[in-house]
Amino acid sequence: GLPYGDRAQIVDAVEAFIGRERAAEPTATVLGTVLFTDIVGSTERAAELGDARWRDVLSRHNALVRTQLDHYRGQEVDTAGDGFFATFDGPARAIRCACALTSALHDELGLDVRAGVHTGECELVGDKVAGLAVAIGARVAARAEAGEVLVSSTVKDLVAGSGITFEDRGDAALKGVPGEWRLYAVEGA
């Protein structure tokens, strides 16, 4: 018989010839927790400090964030200037990491950071993480105030019994995401 790879090529060729395409391979998905962070007022701070000093502050910021990610077993996915996107295998760890890094960045560098956490089905595309859960996490972070860790109701429900406490921030429309989302600010982790 033909090796499998050859059979697949033959099937593809026959289906293309008769005008049918083979169904695309399903996208791999995993349940994951996403964390987004962003420095509040970074443009103003950069203008105040000048380029060289701001680069130094950003370098120290990045080192502090990565230290916290390592400590809480988060995986850095991407950075965007003054923000981070990371994934975690659990929401409580993501919340504790976000609280630790917002506190450390404020205390050590005088930076106010906003953070957002959401848990949902994430698409794995090569070494990238994508999908609606990622978009929701980014939108939750964008609604956070300076120094605040904001989470979706999904996250709040998942960490019940963990000792983490929240303040209800009400329903919010998240740009580009269907429906209303209940958001909560972390009070204590």
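**Surface, pocket and ring pairs in a predicted model**

Starting from the outside, the protein chain exposes about 10500 Å², and carbon and sulfur atoms supply 50% of that area. The model is a predicted one. As for the inside, 42% of the 189 residues in the protein chain count as buried.

On to the secondary structure. The protein chain holds 6 helices and 8 strands, and following the sequence from start to end gives the order α-β-α-α-β-β-α-β-β-α-β-α-β-β. Contacts reach well along the sequence too: taking those between residues at least 6 apart, 64% join residues at least 24 apart.

The largest pocket comes next, with a volume of about 150 Å³. Its lining is made up of F36, T37 and D38, then V77, D78, T79 and A80, then G83, F84 and F85, and finally K128 and V129. Four strands each put at least two residues into this lining, namely β1 (28-39), β2 (75-79), β3 (83-88) and β5 (128-130). Sorted by character, the lining residues come out as 6 nonpolar, 3 polar and 3 charged.

Two of those lining residues, F36 and F85, turn up again when the aromatic rings are checked. The count there is 2 aromatic pairs. In one of them, F36 and F85 are stacked, with 4.4 Å from centre to centre and 10° between the planes. F36 belongs to strand β1 and F85 to strand β3, so this pair ties together parts of the chain that sit 49 residues apart in sequence. Both F36 and F85 are buried.

The other pair brings together F166 and Y184. Here the ring centres are 6.4 Å apart and the planes meet at 70°, so the arrangement is edge-to-face; the cut-off for that label is an angle over 60 degrees. F166 is in strand β7 (residues 165-173) and Y184 in strand β8 (residues 180-188), which makes this a link between distant parts of the chain, 18 residues apart. F166 has a relative accessible area of 16% and therefore counts as buried, the limit being under 20%. Y184, with a relative accessible area of 13%, is buried as well.

Put side by side, the ring pairs contrast in geometry: F36 and F85 are stacked, whereas F166 and Y184 are edge-to-face. The strands involved are β1 and β3 for F36 and F85, and β7 and β8 for F166 and Y184.

Note on methods. Residues numbered from 1 in each chain as written. Predicted model: local features only at pLDDT ≥ 70, side-chain atom pairs only at ≥ 80, totals over all residues. Heavy atoms only, no water. Buried < 20%, exposed > 50% of the residue type's maximum accessible area, 1.4 Å probe, protein only. Contact = heavy atoms within 4.5 Å. Areas by Shrake-Rupley, 256 points an atom, 1.4 Å probe, with all protein chains shown as cover. 1 Å grid on protein atoms, 1.4 Å probe; cavity = no way out; pocket = protein on both sides within 12 Å on 5 of 7 lines; lining within 4 Å. Points joined across faces, edges and corners; volume = space filled by probe spheres on them. Nonpolar A, V, L, I, M, F, W, Y, C, P; charged D, E, K, R; others polar. Phe/Tyr/Trp six-rings, centres within 6.5 Å; stacked < 30°, edge-to-face > 60°.
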